[in-house]
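Trainee: Please take me through this model in a few questions, stating each cut-off as it comes up.

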Amino acid sequence: MDRRTVLRGGLLMTGAAALPTMAARPAAALLRGRPALTHGVQSGDVTAREAVVWARSDRPARMLVEVGRRPDFRDARTVRGPVVTPDTDLTGKALLRGLPPGEELHYRVRLADLDRGLSSEPVAGRLRTAPRRRQDIRFVWSGDLAGQGWGINPDLGGYRIFRAMDRRDPDFFLCSGDFVYSDGPLTETVALPDGRTWRNIVTEEKSAVAQTLAEYRGQFRYNLMDANLRAFNARVPMLYQWDDHEVTNNWYPGEILDLPQYTEKRVDVLAGRARRAMLEYTPVRTARSGRLYRKISYGPLLDVFMLDMRTYKSPNDAGTSPTQRDGLLGAEQAAWLKRELRHSKATWKVVAADLPIGLIVPDGTAQESAAQGDGGAPLGREREIADLLSYARRHRVRNMVWLTADVHYTAAHYYDPAKAAFSDFDPFWEFVSGPLNAGAFGPNKLDGTFGPQLKFVQAPPRANTSPAEGFQFFGEVEIDGRSEALTVHLRDLHGTALHTEILSPRR
């Protein structure tokens with residue numbers, strides 16, 4: 001018998017000992033006959049009138065969502081959700097429509113058994129709908145969870161950063177990708193440089209790289225074992241985007257892996273399985289086309305443009321082509337982004353990018369992002385970014401702010417056309433913050449093509465610093481409903497502000 005078998009046997013014996021009388025057994029049997037929610041609840045892609053609510057069952061069941069203004073649900077209405085089945089790993093998403101804008105709402109999810117009419121215990125959550133008028137907005141962002149061998153450590157209380165983000169009481173959480181590390185197996189213990197031992201909770205799916213659909217699903221289930229994350233999910237809606245580690249490190253379409261740990265070498269096959277698992281386990285509302293890029297309007301002060309820099313990515317190379325037209329967004333997404341930016345009436349246009357613009361992110365001898373290091377005229381994928389920035393300037397797209405994670409440290413970059421090799425754009429800011437709970441790295445070098453000026457950086461003293469040393473970060477954005485000023489705070493693991501920038505809107 002292995003350790004997990006012994007553990008399960010101990011739990012069963014403990015459960016049996018907890019039934020002291022025969023009279024208690026019928027009630028216990030009735031409980032076992034009811035469906036149960038297994039991984040909490042989540043909401044996402046919340047707008048003024050709609051929201052997605054997610055849950056997972058322990059068996060096929062009908063998902064039911066009550067929603068109302070009151071936490072006691074006396075004013076609630078019930079939304080009939082989908083029947084969850086093994087086809088989606090018993091996950092389901094219900095779309096709530098006709099919600100009141102700009103209000104805090106309470107919801108709870110129940111599961112109805114398909115045969116016996118029994119219902120699960122409800123699990124409650126909270127969300128705030130987007131406003132229709134000018135009012136204060138606060139949200140947080142970050143990325144990179146359970147990477148580089150650092151998973152859920154019960155000795156430290158698990159994923160502590162979600163407690164710090166929850167204390168900021170944000171309207172939503174912008175997830176900048178790498179929310180699972182499908183290519184990052186965990187071991188039960190890791191020796192730390194100071195002599196301590198890091199201890200991971202490890203599941204079967206986290207013991208090797210993910211390749212099958214079941215293994216990709218297990219990456220998401222693993223993170224949802226953490227009580228901090230489940231509590232955060234129940235209180236804060238998520239805007240989710242993916243990056244590379246949802247599939248495998250630095251992947252691009254058409255890639256054939258040359259890695260011994262993978263028996264399936266075709267990245268397109270792996271990406272299809274990973275994408276399905278990601279859509280099953282996150283509260284993402286996709287378009288009928290299945291595309292992941294989308295705009296979330298959050299009232300007159302904010303539009304959030306969620307980019308997908310993986311699905312249309314060109315192969316990683318030196319990045320020096322003088323004729324390349326795209327490489328991160330693809331023609332269709334780039335046209336969509338230009339059109340939506342031009343037509344946006346919101347004061348602030350936040351571009352959520354899963355890769356930074358001006359930081360050099362090497363992939364061996366190739367380049368992973370847009371920057372390729374020569375600091376001169378735009379080449380390779382830089383040409384796609386240059387075209388977008390020029391378009392925004394010609395059409396007077398004001399107040400763009402780019403947010404990202406990816407590089408595992410926190411920084412503030414001001415892009416100044418007066419100091420750039422390519423200057424046909426209006427100045428803008430890019431803020432970087434992460435990781436949530438992964439190895440800390442950096443800082444990366446800046447490429448001078450678009451004139452980025454480093455205004456702040458905090459990075460660890462060495463590569464792959466563990467979360468035990470505290471180099472985990474998130475960012476916070478506050479928009480003042482009266483002045484329309486946008487304030488960015490770069491915060492550490494405990495929520496302490498390390499750096500603040502106050503931006504006034506340009507007219």
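**Pocket, sheet and a buried residue**

Trainee: Which residues lie nearest the centre of the largest pocket?

Mentor: The model is predicted, with local features needing pLDDT of at least 70, side-chain atom pairs pLDDT 80 or more, and totals for chains, interfaces and linings using all residues. Residues are numbered from 1 along each chain as its sequence is written, and side-chain values use heavy atoms, without hydrogens or water. The largest pocket (an open set of points on a 1 Å grid over the protein atoms alone, where a 1.4 Å probe fits, with protein on both sides within 12 Å along at least five of seven lines) is lined by 25 residues, those with an atom within 4 Å of a point. Nearest its centre are Gln 148, Asp 244, His 245, Asn 249 and Asn 250.

Trainee: How many charged residues does the lining of the largest pocket have?

Mentor: Asp, Glu, Lys and Arg count as charged. The lining has eight nonpolar and ten polar residues, and its charged residues number seven.

Trainee: Which strands stand at the edges of the sheet?

Mentor: Four strands (DSSP E runs of at least two residues) form an open antiparallel sheet in the order β4-β3-β6-β7, where pairing needs at least two DSSP bridges. Because each has a single partner strand, leaving one side without a neighbour in the sheet, the edge strands are β4 and β7.

Trainee: Is Asp 166 buried or exposed?

Mentor: Asp 166 is found in helix α3 (residues 161-167), a DSSP H or I run of at least four residues. Its relative accessible area is 17%, and the cut-off with a 1.4 Å probe on protein chains only is under 20%, so Asp 166 is buried.

Key:
Buried < 20%, exposed > 50% of the residue type's maximum accessible area, 1.4 Å probe, protein only.
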